[in-house]
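This report covers a ligand site, a buried residue and a small sheet. The structure is shown first.

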Amino acid sequence: MTSGGARAGPDRSWWKEAVVYQIYPRSFNDADGDGIGDLRGITERVDYLDDLGVDVVWLCPVYDSPQADNGYDVRDYRAIDPEFGTMTQWETLRSALHDRDIRLVMDLVVNHTSSEHEWFQRSRREEAEYAGYYHWHDGDPDDPPNNWQSFFGGPAWSYDETRGEWYLHLFHENQPDLNWRNPRVRESITEMIEWWLEKEIDGFRMDAVNLLSKPGGYPDGDPDTDLVGASHFFNGPRLEEYLREIVETLSGYDVMTVAEMSNTDVDTAADYLGDGVGLGMLFQSAHLELDTGPDGLWDPNGPDEIDLPAFKRVIGRWQTGLQNRGWNAVFLGNHDQPRIVSRFGDDGKDRRESATLLATFLLTLSGTPYIYQGDEIGMTNEEFDGLDGIDDIGTIGAVEELIDRGRIDAVAEAEHLINYWSRDHARTPMQWSDDAHAGFTDGEPWFPVNDNYRAINVDRERGHEDSIWQYYRRLIDLRHRHDILVYGEYELYLPDHPDIYAYTRTLEDDRALVVLNWAETATEIEGPLPEAESMDLVTSNYDDTATPPHGAVFRPYEAAVYWA
Ligand code: TEU
């Protein structure tokens, strides 16, 4: 706070005022009929994004890749995968977005490469300059260097017959981790980042970036933890130094950064953001861990119910914890998570009401909102039959590990986990219309379209005024028009209420109140809300919410925004 009466205005940035839309290219729109979404397909939908009103597109990886992890296994950072198109088509997309004032953020996947990357090929052959590009370790082929586990199940080490050594991969065996201790690796990455910056991109989403620094000596992890080794490889000893190097590379450009950093607490985050290391935002994951079982995501005893007061505590910790110390990235879903309406709302009878409640939440918190493709029309989870039809290597690896460890005897016992967690829920093709394959492709889609596409699709949503899509559009517009929704300070009311999530945003003399009845039942609010009687309703997801919030009965998933 400044003293002497002069109040400092908000520390403005275009990326704080932006609403981001995340595109998973494989599943967005297929223009060439091969069943796989592509760059031309995205370009065809730029007007759609413009109508929705988003400011930034975050494009998941489109780099040349064997697609073992749908592009998060990069074979060549400077080439576009032919499945997605050509560099010229990428440039066309960028220009089409820029022509409509929509910025383009690329995914930066530098914790690991594909095992087919030239660097790894040369490294495994021990070519002098590349020999130390990855984490190699000698040892008995039957005895990995330590007990670390991979995110996708099984050990984090694989033995390479060519080199006769072990290599580290925190994800799939086809995704070897780069050795950031090696200055040559860091130089190569810096050159690659500069190369993309020169192509006039507007920022990076930095994949799994808090895993970059591994401790010397690769110490064993506590074998009784959910992901063995995590305490060693998350936020490792030299992470800050590496992040500073990346930030330095970006410093001459007006770009945004959002770092994927699960397993990070608020104070650590504040060190990485703003006046600390200088990152713009980060994706933390505490609010996505409330429904994991006692032993983590794939605990056969899970998933747990999400408890609203606990959810409010986690969100509040970040909302207030980063106040004046950083900036939040606000999100509930992405390409790794279940569909938000199925997880946090109700994908049955109250789908519209709960999806619009979630929209209200995302677009009225402090921080930059991220909308994942399809959430703006309330797309839902798919139903899977065991591992049949599962594409996600994360799900397959996790279930195999449960069997290997004797935690379950057969896949059938993991059915509930697969149906809850599989990353495939988010990866079913975008539902554009009620045409064949939901208008996603003229060919055979790489992954089946959700059967509900005739009821849930963009054409239908855009066709009527009270749809989820129209609501997103209105709320995006509201946020754009009112600084208070961007820069206002967050304050929670009724912290222990089991169904009501109510908070205010305050900017100088203005105050906004958001009330969300996060339940499938009607709820009467008894507790006090601020200045309720003197507030005007600004927007709600029922067409007749006229009552002031104090003492009012809120209907299932009713969401309302008031101003004073
Ligand atoms: O995800 C990193 C990551 O931590 C996830 O594996 C997360 O733990 C898991 O999805 C929880 O369900 C990033 C990408 O978002 C993901 O798609 C990639 O598979 C992964 O990195 C490897 O690049």
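## Ligand site and two local features

A polar side-chain atom of Arg 205 lies 3.0 Å from an oxygen atom of the ligand. This distance, like every other value here, comes from a predicted model. The side chains of His 112 and Arg 423 also place an N or O atom by a ligand oxygen, as the table lists.

| Side chain | Partner | Distance |
|---|---|---|
| Arg 205 | oxygen atom of the ligand | 3.0 Å |
| His 112 | oxygen atom of the ligand | 2.9 Å |
| Arg 423 | oxygen atom of the ligand | 2.9 Å |

On its own the ligand has 490 Å² of accessible area, and the protein covers 88% of that. Around the ligand there are 15 residues, of which Asp 69, His 112, Asp 207, His 335 and Asp 336 come nearest. Sorted by class, this shell holds seven charged, five nonpolar and three polar residues.

Asn 29 sits in the loop that runs between strand E1 (20–23) and helix H2 (39–44). Its relative accessible area is 2%, so Asn 29 counts as buried, the cut-off being under 20%. The Asn 29 side chain reaches the backbone oxygen of Gly 41 at 2.9 Å, and a polar contact of 3.3 Å links it to the side chain of Glu 44. Asn 29 also touches residues far along the chain numbering, including Trp 432, Gly 439 and Phe 440.

An open, antiparallel sheet is built from three strands in the order E6-E8-E7. Its edges are strand E6 (136–137) and strand E7 (157–160), each paired on one side only. Four bridges connect E7 with the antiparallel strand E8 (residues 165–168), where Leu 168 stands opposite Trp 157.

Definitions and conventions
Residues numbered from 1 in each chain as written. Predicted model: local features only at pLDDT ≥ 70, side-chain atom pairs only at ≥ 80, totals over all residues. Heavy atoms only, no water. Helix = DSSP H or I, 4+ residues; strand = E, 2+ residues; numbered from the N terminus. Buried < 20%, exposed > 50% of the residue type's maximum accessible area, 1.4 Å probe, protein only. Polar contact = N/O pair within 3.5 Å; in protein donor to acceptor, adjacent residues only side chain to side chain. Contact = heavy atoms within 4.5 Å. Pairing = 2+ DSSP bridges. Near = heavy atom within 4 Å. Areas by Shrake-Rupley, 256 points an atom, 1.4 Å probe, with all protein chains shown as cover. Nonpolar A, V, L, I, M, F, W, Y, C, P; charged D, E, K, R; others polar. Lists of a residue's contacts leave out its neighbours within four places in sequence.
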